[in-house]
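I opened this notebook to record how the copies of a chain sit against one another. The entries follow the order in which I looked things up.

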Number of protein chains: 4
Amino acid sequence: MLAMTAAELQGFLARDFGQVAQDFSVDAVDAAGLTLRLRVETRHLRPGGTVSGPSMFALADVAMYLAILSRIGPVALAVTTQCSIDFLRKPVAGRDMLGRAQILKLGRSLVVGDVLLYSEGVPDVVARASLTYSVPPVKA
Amino acid sequence: MLAMTAAELQGFLARDFGQVAQDFSVDAVDAAGLTLRLRVETRHLRPGGTVSGPSMFALADVAMYLAILSRIGPVALAVTTQCSIDFLRKPVAGRDMLGRAQILKLGRSLVVGDVLLYSEGVPDVVARASLTYSVPPVKA
Amino acid sequence: MLAMTAAELQGFLARDFGQVAQDFSVDAVDAAGLTLRLRVETRHLRPGGTVSGPSMFALADVAMYLAILSRIGPVALAVTTQCSIDFLRKPVAGRDMLGRAQILKLGRSLVVGDVLLYSEGVPDVVARASLTYSVPPVKA
Amino acid sequence: MLAMTAAELQGFLARDFGQVAQDFSVDAVDAAGLTLRLRVETRHLRPGGTVSGPSMFALADVAMYLAILSRIGPVALAVTTQCSIDFLRKPVAGRDMLGRAQILKLGRSLVVGDVLLYSEGVPDVVARASLTYSVPPVKA
């Protein structure tokens, strides 16, 4: 069912997105979705110690990207066309963040899904995002 | 836990939103969320027989509104401030639509939640929406 | 430059979308965009006399649809895939609403644009929307 | 009319957001809006040399934040609650990016605006974003 395992996705990230690969690790992937961890470091923080908006955007974006690859294989040409993100609560200081991505539609050229972002170990949703990716047409 | 039952929500709709009340029925409400039915009639359709975008927007909007009331009681002054909606698939002709709303944050002045829209009896999501409502500040 | 005039767009609406054609009139169309009027009637109102959210959504959606047709011609198969709408102010009672659509990207398969909604004769924006349409691939 | 000049905004950024201040410079600010420059460096790029999504998100977010401060003064507590962003075209390699922010509603507790993103010297819009900020209530 899955086209790529967590280890294969991590390897893809390291090879093709070396600059950000160290920020993220694939915690889990299955038919229902993918969980990506943002290893929070000082560079991800805003004044006051909370994770910055761009860092949370990146977590949502990469989580959806890898969820798509887990279904269709290593396609470097998938690009984000739209993202709507709601920031609901301050992330908890000193904790990694987790992004749980699920795909709602895997179309021939567009893929749409949701990502919920959490501070690790805390049940309240910190942010929610919907993303659309454009993917290259699959050859028959 | 719930401030209003399904019957009370239906009564509220009939009394305060008489114009649209006949379009909708509250199928279920509990701590996890609310399911609202759009009784599809000819006036909700576009050429080709599919449910129109504005009708789906209305289903998402009313579902979230009633989900909020189910938690905070009959507050007529809640207003939609934002909605992001993705249309994923054509609704199935000749079927009612169901909107399943869940609240992600019930804040003092803003409430944020998601609604998934389905054609009755079909598992694929037809549309997904995120909505923000502004609610009057709760008195202590 | 334009593929369809205001009169041709109005005729298209009357022929293919008879159910809603009477709600709307094309006030202006040029290379910069299109202005669509919602002829506000009782059926568009919510309690208190303001234009309903679904009616404003419909105004934004139809304005963008016609703006696209004004550029590519009468393509019945264009469908809305995404809409983000912010409701900023109460519309003024007893006035028509105007939607001013502009196209930001006219791609081979996706079209993205913005619509600003006003109460006629009032400068403040009542609502703003961004919409994405999927259009059938253009033949060479 | 303006509560802060371009130089004052730049100073605020340097003092309160030292980590990102070097990425951005305020090119212009007036009653109509604010133009912010992203000084594109290698750290903002994705494979292939285009500016990354999170970097564009940051440009939109900071541009809107500073546009708000230019109107209400140095309020550190403004926070982003929502962002919808459409990525329309690849940014042009080797160029700075400009974000042009305008405020559509400056409410007592919510501020809503739009940002258009460009590659410097190129007329086509690269991305568009709508953002909502929550601001602390203004004292009478």
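Entry 1, chains D and C. I found that a turn of 180° with a shift of 0.0 Å along the axis lays chain D on chain C at an RMSD of 0.0 Å. The two copies are therefore related as by a two-fold rotation axis. For this I superposed the copies by least squares on the C-alpha atoms of residues with pLDDT of at least 70 in both. I noted that Ser84(D) is the residue of chain D that comes closest to this axis, its C-alpha lying at 3.5 Å. The same surface serves both copies, as 100% of the contact residues of chain D recur in chain C.

Entry 2, conventions. I worked on a predicted model, in which local features need pLDDT of at least 70 and side-chain atom pairs count only at pLDDT 80 or more, while totals for chains, interfaces and linings use all residues. Residues are numbered from 1 along each chain as its sequence is written, and chains are lettered from A and ligands numbered from 1 in the order in which they are written.

Entry 3, the contact of D with C. I recorded 12 residues from chain D and 12 residues from chain C in this contact, where two residues are in contact if their C-beta atoms, placed from the backbone, lie within 7 Å. On the side of chain D, two or more residues come from each of S3, strand S4 (97–106), strand S5 (110–119) and strand S6 (127–134). Here helices (H or I, at least four residues) and strands (E, at least two) are DSSP runs, numbered from the N terminus. S6(D) gives the most, with three residues. By class, I noted four nonpolar, three polar and five charged residues on this side of chain D. Ala, Val, Leu, Ile, Met, Phe, Trp, Tyr, Cys and Pro count as nonpolar, Asp, Glu, Lys and Arg as charged, and the others, Gly among them, as polar.

Entry 4, chains D and A. I superposed chain D on chain A by a rotation of 180° with 0.0 Å of shift along its axis, at an RMSD of 0.0 Å. Ser84(D) comes closest to this axis among the residues of chain D, at 2.1 Å for its C-alpha. The copies meet through the same surface, because 100% of the interface residues of chain D are also interface residues in chain A.

Entry 5, the contact of D with A. I recorded 16 residues of chain D in contact with 16 residues of chain A. Helix H3 (53–72) and strand S3 (79–87) of chain D each supply at least two residues of this side of chain D. S3(D) has the largest share, eight residues. The side of chain D that touches chain A has eight nonpolar, five polar and three charged residues.

Entry 6, the shared sheet. Which residue of S3(D) is the bridge partner of Ser84(A)? I found Ser84(D) in that place. Strand S3 (residues 79–87) of chain A runs antiparallel to S3(D), joined by five bridges; two strands pair if DSSP finds at least two bridges between them. I traced an open sheet of 12 strands with antiparallel pairing, in the order S1(A)-S2(A)-S4(A)-S5(A)-S6(A)-S3(A)-S3(D)-S6(D)-S5(D)-S4(D)-S2(D)-S1(D). Its edge strands are S1 (24–30) of chain A and S1 (24–30) of chain D, each pairing on one side only.
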